[in-house]
Amino acid sequence: MSIPPPPGSQPPQGPYGPPPADWPQAYRPYGTPVSVNALAVAALVLGVLCFLPAAGLVLGLIALRQIRRSGQSGRGMAVAGSVLSSVGIVLWAVVLSTGAASEVWERFKDGAQGNESLSLEKGDCFNAPGGLEGDTYDVDRVPCGGGHDGEVFAVVTLPGGTFPGDARITDVADEKCYALQDHYAMDTWAMPADVDVYYLMPSRESWRYGDRAITCIFGNTEAKTKLTGSLRGDPTTLGTDQIVFLSTANALDAALYEEPEKTPEDDLAAHRAWATQVHDVLGEQIEALRGHPWPADARKPVAALVEDMEDAREEWKRASTAGDVDGYYAHYDKAYASVDGPATVTARKALGLAATPPASGEDERGDSEAQV
């Protein structure tokens, strides 16, 4: 059992006497490793990165106080972190006061947003040094009258939320861009055979900075061949008579494009239903053509076209009720005989529209097969 010393007496001292009054109060055996103060490390990191400099300065001062009391190492890091953070505070104050922070942030966002950085809009033409199938983030806007790699015909804005994934965005681009191309270039006969649809899409990185734009583009299918002149043909460039005529033609083309993938031999019922839809669309377009006040030189050509459309409509009606595949094909062939026929060419000429039917390399219904 140990006996406590008498009251008022001093405890025995070591061979070197008592420690100084300001000696740290925490003692450790000789040779024990000295730990590094964690706040000193944090202060140094924040100071070097110049990130949250005020926090770096506060952590540095707290670290110095803890080191003085605990005997931990890291005083040099705490001092360096405090100094660097102080400098960072001064620099941030200067940047904010001059408005440079906003400019730096905008440049950072622009660099991350890719195709959104140039804010390409409907009607813009541009060159892409990497080609439309290469790096299209670096593009230069140019006049549409000269040679150019692409022409923007639509911009589709996606809803917010989490990044939907590349596959989903591609599906939306396929659906929207092909549907919108005829709104910009209404005269499908005037579209060159070597022009196709491309698009710029948000990346995962650009999505974080608000990029929600799918940019639909016309481009040449030959990588080294440029477009010349604008392909735009919409209400901003066409007359009222041309718009009415093309609207009816495109509505019919859209209905014909919905032809079932399976053959009549495999699914006659689906083809009958489709024939009914075409019959109904033809009726609507015939009424639109009859109800429009055409100029004198276009009245007879349009009237002749309407007669052909009436004949075709009757054949589609018969196809929709055909009892077998052979009967269906008989009416189907007669109905298609009037599509893009001589009456259509004559009416187009009278209205100042392209009068050469699509080349044989394109879909015979007037829709170009897209290769993306």
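**Notebook: salt bridges, disulfides and a charged patch**

I began with R232, which forms a salt bridge with D234, the closest N and O atoms being 2.9 Å apart. I kept in mind from the start that this is a predicted model. I then looked up how far each partner is covered: R232 counts as partly exposed, because its relative accessibility is 28%, whereas D234 is buried, with a relative accessible area of 3%.

**Entry: the other salt bridges**

How many salt bridges does a search of the whole structure find? I noted seven for the whole structure, and I followed some of them up individually.

One of the pairs I opened is D124 with R141, whose side chains meet in a salt bridge at 3.3 Å, N to O. D124 lies in the loop between α4 (100-113) and β1, and R141 lies in strand β2, so this pair ties together parts of the chain that are 17 residues apart in sequence. For the cover of the two partners, I recorded D124 as buried, because its relative accessible area of 16% falls under 20%. R141, by contrast, is partly exposed, with a relative accessible area of 46%.

I next turned to helix α9, where R318 and E314 both lie, four residues apart, which is about one turn of the helix. Their side chains meet in a salt bridge, with 3.5 Å from N to O. Both partners have intermediate accessibility: R318 is partly exposed at a relative accessible area of 39%, and E314 is partly exposed at 35%. I also wrote down that this pair belongs to a network of salt bridges, in which E314, E315 and R318 are linked.

**Entry: disulfides**

I asked which cysteines are joined, and a search of the whole structure gave me two disulfides. When I number the bonded cysteines of the chain in sequence order, the pairing reads 1-2, 3-4.

C125 and C144 form a disulfide in which the sulfur atoms are 1.9 Å apart. The link of C125 and C144 is right-handed, with 100° about the S-S bond. This pair links distant parts of the chain, since C125 is in strand β1 (residues 125-127) and C144 is in the loop between β2 (140-142) and β3 (147-148), 19 residues apart. I checked the cover of these two cysteines as well, and both C125 and C144 are buried.

I then moved to the disulfide that joins C177 to C216, with 2.0 Å from S to S. Is the link of C177 and C216 left-handed or right-handed? With -75° about the S-S bond, I entered the link of C177 and C216 as left-handed. Here too the pair links distant parts of the chain, with C177 in helix α5 (residues 166-184) and C216 in strand β6 (residues 213-220), 39 residues apart. I noted C177 as buried, because its relative accessible area is 0%, and C216 also counts as buried at 0% relative accessibility.

**Entry: a negative patch**

Which residues form the negative surface patch? I listed E265, D266, D324 and D326 as its members. I placed D324 in the loop between α9 (296-320) and α10 (325-336). D324 counts as partly exposed, because its relative accessibility is 43%, and this value is over the 30% that a patch residue needs.

I also looked up P264, which has its place in the loop between α7 (240-257) and α8 (268-291). P264 is buried, because its relative accessible area is 5%. I then recorded a contact for P264 at the backbone level: the C-alpha atoms of P264 and Y328 are separated by 8.0 Å, while the two residues are 64 residues apart along the chain.

**Entry: a backbone angle**

My last search was for backbone angles, and I stopped at D340, which has a positive phi of about 55° although it is not a glycine. I located D340 in the loop between α10 and α11 (342-350).

How values were computed
Residues are numbered from 1 along each chain as its sequence is written. This is a predicted model: local features need pLDDT of at least 70, side-chain atom pairs count only at pLDDT 80 or more; totals for chains, interfaces and linings use all residues. Side-chain values use heavy atoms; hydrogens and water are left out. Patches are made of residues with over 30% relative accessible area and no salt bridge: like charges are joined within 9 Å, nonpolar side chains (Val, Leu, Ile, Met, Phe, Trp, Tyr) within 5 Å. Accessible areas come from the Shrake-Rupley method with a 1.4 Å probe; for residues, only the protein chains shown count as cover. A salt bridge is a side-chain nitrogen of Lys or Arg within 4 Å of a carboxyl oxygen of Asp or Glu. Lys and Arg count as positive and Asp and Glu as negative; His and the chain ends are not counted. The place of a charge is taken as NZ of Lys, CZ of Arg, CG of Asp or CD of Glu. Helices (H or I, at least four residues) and strands (E, at least two) are DSSP runs, numbered from the N terminus. Buried means under 20% relative accessible area, exposed over 50%, partly exposed in between (1.4 Å probe, protein chains only). A disulfide is a pair of cysteine sulfur atoms within 2.5 Å.
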